[in-house]
Amino acid sequence: MRRRALIMLLAFLGAVLAACGAQNGAQDSVQNSVQDGGQNGGQDGGQLTLAAPRDLVAGPQDPYYTHQTLRVWEPLVTVDDRLRPVPALAASWESAQDGRRWTFTLREGVRFSDGTTLTAEAVVANIERFRRIAPRPSAFFSLDAGMEAAYGKLTGVRAEAGKVAFTLEEPVADLPGRLAGFFSMVQSPKAFAASGDFAGGPVGTGPYTLAEWVKGQRAVLTANPHYHGAAPAYRRIEVRVIPDANARVAALQAGEVDGLIDKGALLPGQVAAVAADSAYRVVRSPSVLTHYLTFNASREPFSDPRLREAADLAIDRRAIAEKLLAGTARPGGAFLSPAFGDLADPGPAPACDPARARELVTAAGAPAEPVTILVSSAETGQFPYTDVAEVLRAALEQAGLPAKVSVVEATKSVMEAGDYDLFLSAYSVPNGDADYLFRRFLRSDAAWNVERRLGYRSPEFDELIDRAATTTDADARRDLYHRAQRLLAADRPMVPLAYQDNPIVTTAKVGGVTQNAAYVVDLGKLVPVR
């Protein structure tokens, strides 16, 4: 990869970057007919055309088939713009037995898109399917951590007088938060084969149905005639897959699409110029997305905690947030994003101290070979990671740590082989509960920790998050999470670089645009502005 001097990077701040991560054009289609024609962009007779950086359909072997954003299916619980659990298919819930039993009352009058009625038994069938097929990867949020990360130590789920009751071996402090979003997806049990794969297309309760899917190219949604809420204003929505950041904005400006949605819809450097044009409306909302730098501590040089500390001290988070991320992010501090409210540790922000970093490298000894900063090519179409990685490389070299940047497509296989030293990526949660991040990524037996060679083993950390997961007292739980984050700040298996807002955009002719903290846009609320 061509190296660029730091001064050249800063000269080009705010420029629109080309993306590296085009997807396959292989054709996979849902066997439903599209009743409305019109493959062109623009609003035409109730049609809307949007674009996203990635395919929001994953197909019949995925646990969910589609991303929640497409509004084909709905969960029991969702989150609001402050990451708090709020009702979706569940109208309310209550806990008993000190958090060992949770009961969810369903919304009345809900039908699946095939016309059949939503029942508590159907919800139970969905939860049992998840338990049966886990662990299973997903293009969105994997079940690879096993279902304890989703539900705790679940001993049973059953229908009781039209309600759904979860019973647990140990208390779960916030089961609605854990269930919010993907882990409580509900679709018709008729949609699933015995294998757990989908037997055909998805059959949900959302305002839209999936009418057509061409893998890596587009998804076509049509209004669900059985939707329990207000009918969506658009009878047809096409969501195109445009991985290249330049191409997405060009399609918007050419009138080929009416908006850009999903994480990384606009690169940070594109936001100001697009927002300045009165033809468009940019919505920027705080999200749970956080840019992390992950260390491979299973091998030298970062098995030495002094060199992890040196790398951490070399980073100028404020420059990354304000310049490279063009003010769309805040400098990272606590492991948990501020979107988690008072669960995020309010402790002091990480220091930027290049001189101390050099002292640590001198004491530990500089590695003989350059350390590798690994970047996914898919994410360069969502964030300016090529430039961020180059700034990190320059900062590490100034601290005495020679470094190189490697942009690859298959980061999973590279990490599992242990052939990296640092990994730059953005992570969020599928729900409203912080336990997912700790348990999936950093617990000693976490799938990510073990398989991706993080090498983090801390019995003290494991104990803290296990206690927090079962502590129903809010103040005590908050204290446990603060202690866990201070431990992570000292050990540095993963360090947060910046907390990312998620800018999305539509033309001024589209109204009703909302986005929650999990960067889900409610397509059902979009309306034409006359």
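Which residue forms a salt bridge with Arg356? The legends below, which describe close-up views of a predicted model, begin with this pair.

**View A. Arg356 and its partner in helix α9.** The partner of Arg356 is Glu359, and the closest N and O atoms of this salt bridge are 3.2 Å apart. Both residues belong to helix α9, which covers residues 354-364, and because they are three residues apart they are separated by about one helical turn. An α-helix has 3.6 residues a turn, so residues three or four places apart point the same way. Arg356 counts as partly exposed, with a relative accessibility of 35%, and Glu359 also counts as partly exposed, at 47%.

**View B. A salt bridge between distant parts of the chain, Arg54 with Asp262.** In this pair the closest N and O atoms are 2.5 Å apart. Arg54 lies in the loop between β1 (47-52) and β2 (74-75), while Asp262 lies in the loop between β13 (259-260) and α6, so that the salt bridge links parts of the chain that are 208 residues apart. Arg54 is buried, with a relative accessible area of 14%, and Asp262 is buried too, with a relative accessible area of 0%.

**View C. The salt bridge of Asp312 and Arg317.** Here the two side chains meet with a distance of 2.6 Å from N to O. Asp312 is buried at a relative accessible area of 7%, and Arg317, at 5% relative accessibility, likewise counts as buried.

**View D. A network of charged side chains.** Salt bridges also join several residues into one network, whose members are Arg178, Asp433, Asp435, Arg439, Arg443, Asp445, Asp466 and Arg477. In total, the structure holds 32 salt bridges.

**View E. Helix α6 and the elements around its buried residues.** Within helix α6, which runs over residues 268-275, the residues Pro268, Gly269, Gln270, Val271 and Val274 are buried. The buried residues of this helix pack against two other helices, α5 (245-253) and α8 (317-324), and against the strands β14 (280-295) and β19 (494-507).

**View F. Tyr64 in the largest nonpolar core.** In soluble globular proteins, nonpolar side chains tend to be buried together. The largest nonpolar core of this model has 156 residues, and Tyr64 and Leu523 are those with the most contacts inside it. When its neighbours within four places in sequence are left aside, Tyr64 is in contact with a set of residues that includes Trp73, Phe130, Phe140, Phe141, Leu143, Phe182, Phe183, Met185 and Phe198, and also Ser138 and Gln187.

Note on methods. Residues are numbered from 1 along each chain as its sequence is written. This is a predicted model: local features need pLDDT of at least 70, side-chain atom pairs count only at pLDDT 80 or more; totals for chains, interfaces and linings use all residues. Side-chain values use heavy atoms; hydrogens and water are left out. Buried means under 20% relative accessible area, exposed over 50%, partly exposed in between (1.4 Å probe, protein chains only). Helices (H or I, at least four residues) and strands (E, at least two) are DSSP runs, numbered from the N terminus. Contact means heavy atoms within 4.5 Å. A salt bridge is a side-chain nitrogen of Lys or Arg within 4 Å of a carboxyl oxygen of Asp or Glu. A nonpolar core is a set of buried Ala, Val, Leu, Ile, Met, Phe, Trp, Tyr and Cys residues joined through side-chain atoms within 4.5 Å.
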